[in-house]
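Got your viewer open? Grab the selection tool and follow along, one stop at a time.

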Amino acid sequence: MPHIWKPSVTVAAIIERDGQFLLIEEETSEGIRLNQPAGHLDPLETLAQAVVREVLEETAYDFTPQALVGVYMSRYTSRRRGTDVTYLRFTFCGEAGAEHDQPLDDGIIRSLWMTRDEMAACQERHRSPLMLQCVDDYLAGRRMPLEMLHTHASVFEGGLT
């Protein structure tokens, strides 16, 4: 059977409060990096469910997605590991809710709030090359309604194979 190329599907959240954006600082194979709360789409969940879960796991905040800012694709090549991955990233914007007293995901050092200018001043620390682009798209008012995303019932049927 021939090899089938598949991008890795991820979700990310843009959460703004008083001109600052909620970020995470995390340990990666490339060192300590900054990112929006983000992660992989898991089996048996919608994109919106995935971003709500990731925000809670990485920041301890509840999250209510309100719109899709954009769909982005990037390629990452790890010099250390020799791996090459293409990411397909769905970035949502929305409101942070209650903050819970719970441990953060493994590798997450802390959550923090930064302005767009503060983020731009430390791009060498960004985990994703899309981080600032997503914020700029958000600030430019780019929004797609969540109704544009549809998850067919077959995603939830029959469990994992």
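Start by selecting R53 and E54, whose side chains meet in a salt bridge with 2.9 Å from N to O. Keep in mind as you look around that this is a predicted model. Both ends of this pair are tucked away: R53 is buried, and E54 is buried too. Now add D42, E45 and E57 to the selection, and you have one network, joined with R53 and E54 by salt bridges that share partners.

That network is part of a bigger set, as the structure holds 10 salt bridges. Side chains of opposite charge can pair when their charged atoms come close.

**Next stop: strand β3**

Select R110 and E25. They form a salt bridge, and the closest N and O atoms are 2.8 Å apart. Trace the chain between them and you'll cover some ground: R110 sits in strand β8 (residues 108–114) and E25 in strand β3 (residues 20–28), 85 residues apart. Switch on a surface and check the two ends. R110 is partly exposed, with a relative accessible area of 40%, while E25 is buried at 10%.

Stay on β3 and pick E26 along with R127. Here is another salt bridge between side chains, 2.9 Å from N to O. This pair also links distant parts of the chain, with R127 in the loop between α2 (116–120) and α3 (131–139), E26 in strand β3, and the two positions 101 residues apart. Buried or exposed, what is E26? It is buried, because its relative accessible area is 6% and the cut-off for buried is under 20%. R127, in contrast, is partly exposed, with a relative accessible area of 44%.

**Into the largest pocket**

Keep R127 selected and add T28, N35, Y76 and Y87. Of the 32 residues that line the largest pocket, these five are the closest to its centre. The pocket itself has a volume of about 800 Å³.

Which elements should you colour to see the walls? Try β3, β4 (31–35), β5 (38–40), α1 (47–59), β6 (61–77) and β7 (84–99), each of which supplies at least two residues of the lining. The largest share, four residues, comes from β6. Recolour by residue class and you should find 13 charged, 12 polar and seven nonpolar residues in that lining.

**The second largest pocket**

Now move to the second largest pocket, with about 190 Å³ of space. To show its walls, select L41, D42, P43, L44, E45, T46, L47, A48, L149, H150, T151 and V155. You've met D42 and E45 already, in the salt-bridge network. By class, this lining has seven nonpolar, three polar and two charged residues.

**Last stop: two backbone angles**

Zoom in on L44, one of the residues lining that second pocket. Its phi is near 65°, a positive value in a residue other than glycine. You'll find L44 in the loop between β5 and α1, partly exposed, with a relative accessible area of 38%.

Then follow the chain through α1 to A60, in the loop between α1 and β6. How exposed or buried is A60? It counts as buried, at 3% relative accessibility. Phi is positive here as well, near 75°, again in a residue other than glycine.

Technical notes. Residues numbered from 1 in each chain as written. Predicted model: local features only at pLDDT ≥ 70, side-chain atom pairs only at ≥ 80, totals over all residues. Heavy atoms only, no water. Salt bridge = Lys/Arg side-chain N within 4 Å of Asp/Glu carboxyl O. Buried < 20%, exposed > 50% of the residue type's maximum accessible area, 1.4 Å probe, protein only. 1 Å grid on protein atoms, 1.4 Å probe; cavity = no way out; pocket = protein on both sides within 12 Å on 5 of 7 lines; lining within 4 Å. Points joined across faces, edges and corners; volume = space filled by probe spheres on them. Nonpolar A, V, L, I, M, F, W, Y, C, P; charged D, E, K, R; others polar.
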